[in-house]
Amino acid sequence: MNRFVQLHFLTSYAPSNLNRDDLGRPKTAMFGGTLRLRVSSQSLKRAWRTSDVFSRELEGKIGTRTKEFGNIVYRELSKALSKEKAHEIARKVAGAFGKVADDSGESFDKRRRIEQLAHLTPGEMKELEKLARRLTVEERGPSSDELDALVSTAAGAVDIALFGRMLAAKPRFNVEAAAQVAHALSVHKVAIEDDYFTAVDDLNRGEEDMGAGHVGTQEFAAALLYHYVCVDREKLARNLGGDQALAGKTLGALVKACLTVAPIGKQASFGSTARASFALVEKGDHQPRSLSVAFLEHARVAKHDETLLSTAISCLRSTRSKLEKVYEEPTHSAELDATAGEGSITELVRFVSEA
């Protein structure tokens, strides 16, 4: 069956700030006793599921994650009902997806929002819109049966099937994620640097004030990142209602997104878009495992004819080979190596799509 699909890839980023902490600094982690650059799994999953790759490859199969269900319904209801009545009914409908904000002290828009994000499939969104139209025509509030029917299964949304969802108001419709996404870590130790910058006022002719119109700093780092993603193919197909063809198509789109899409943090300032330089895909039935141990000792160039990237590739290959040998768990694999011009993304997509 080749139940588990594991993707290991290396992507090099020039100076950038892809994923910031609460102070605006690039996120980091201590690993192997040294400071590493980190990009959170949440940031990566958000970038992939909202990418043009997913939109193009999986059109009509992507969910909507929002707090705004009450306002979606309100816009329809307010066409025929008074604002007060439409507001009251919209809050009841929103309550089907989570706890609604207190009905006081905030703007009307905020008082129709739920407190936590909820993720709905395209089919569930259509049911929500149909209910809003029906309530508008019939000028009434929703029944309990109608509210219960708004949430069903995740079968229509590949991003929910991959990354899961939690509905506090309807926990029986929670979905366990089929994909495990590790935080990306630099394979080498890293230093966070400061960029001191100024902006010039275009209308300042220097007649009185020669100073800058604005002075600021932003922090950045450059790194070669190791990424690890594991997908349980059986769980993915189960989350998609048993649709094996869609599961295969979803895996192919995920591989494309992983290798070509980066988080968009500070892109205008750094232009840090990049492609993965190396990818190793494995599939098999053995217990999955990351290869991050390959970089527990931070990578460094040892020979004059090596680069940091070639060293990292060698570390990955060597670590995988040794783990397979001692645990006697061989897996099928395929590679893409942009440094050598070997392999292709089309071949990788075909490899992961086939069970």
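The following questions and answers go through a predicted model of one chain.

Modeller: Residues are numbered from 1 along each chain as its sequence is written, and side-chain values use heavy atoms, without hydrogens or water. In this predicted model local features need pLDDT of at least 70 and side-chain atom pairs count only at pLDDT 80 or more, while totals for chains, interfaces and linings use all residues.

Colleague: How many helices and strands does the chain have?

Modeller: Helices (H or I, at least four residues) and strands (E, at least two) are DSSP runs, numbered from the N terminus. By that rule the secondary structure of the chain comes to 12 helices and 11 strands.

Colleague: What percentage of the 355 residues count as buried?

Modeller: Buried means under 20% relative accessible area, exposed over 50%, and partly exposed in between, with a 1.4 Å probe and protein chains only. Of the 355 residues, the buried share is 48%.

Colleague: Which residues of strand β2 point to the buried face?

Modeller: In a regular strand the side chains alternate between the two faces of the sheet. Strand β2 covers residues 28-31, and its side chains alternate. Thr28 and Met30 point to one face and are not buried, while the residues that point to the other face and are buried are Ala29 and Phe31.

Colleague: Which residue in β3 is the bridge partner of Met30?

Modeller: Two strands pair if DSSP finds at least two bridges between them. β2 and β3 (residues 34-39) pair in the antiparallel sense over four bridges, and they form a hairpin with two residues between them. Thr28 has Leu37 as its bridge partner in β3. For Met30 the partner is Leu35.

Colleague: Which residue in β7 does Arg38 stand opposite?

Modeller: Five of the six residues of β3 are buried. Two bridges join β3 to strand β7 (residues 184-186), and the two run antiparallel. Opposite Arg38 in β7 stands Leu185.

Colleague: Which side chain meets Lys256 in a salt bridge?

Modeller: A salt bridge is a side-chain nitrogen of Lys or Arg within 4 Å of a carboxyl oxygen of Asp or Glu, and the count here comes to 21. For Lys256 the N to O distance is 3.0 Å, and the partner is Glu57. Lys256 lies in helix α9 and Glu57 in helix α2 (residues 52-57), so the pair ties together parts that are 199 residues apart in sequence. Lys256 is partly exposed at 25% relative accessible area, and at 22% so is its partner, Glu57.

Colleague: Is Asp337 buried or exposed?

Modeller: The side chains of Asp337 and Arg317 meet in a salt bridge (3.6 Å, N to O). This pair links distant parts of the chain, with Asp337 in strand β11 (residues 332-337) and Arg317 in helix α11 (residues 308-327), 20 residues apart. Arg317 counts as partly exposed at 36% relative accessibility. Asp337 has a relative accessible area of 6%, so the residue is buried.

Colleague: What is the relative accessible area of Gly252?

Modeller: Gly252 is found in helix α9 (residues 244-260). The C-alpha atoms of Gly252 and Phe54, 198 residues apart along the chain, are separated by 9.9 Å. Gly252 is buried because its relative accessible area is 3%.

Colleague: What is the relative accessible area of Ser277?

Modeller: Ser277 lies in strand β10 (residues 276-284). Its C-alpha atom is separated by 6.5 Å from that of Thr339, 62 residues apart along the chain. Ser277 is buried, with a relative accessible area of 16%.
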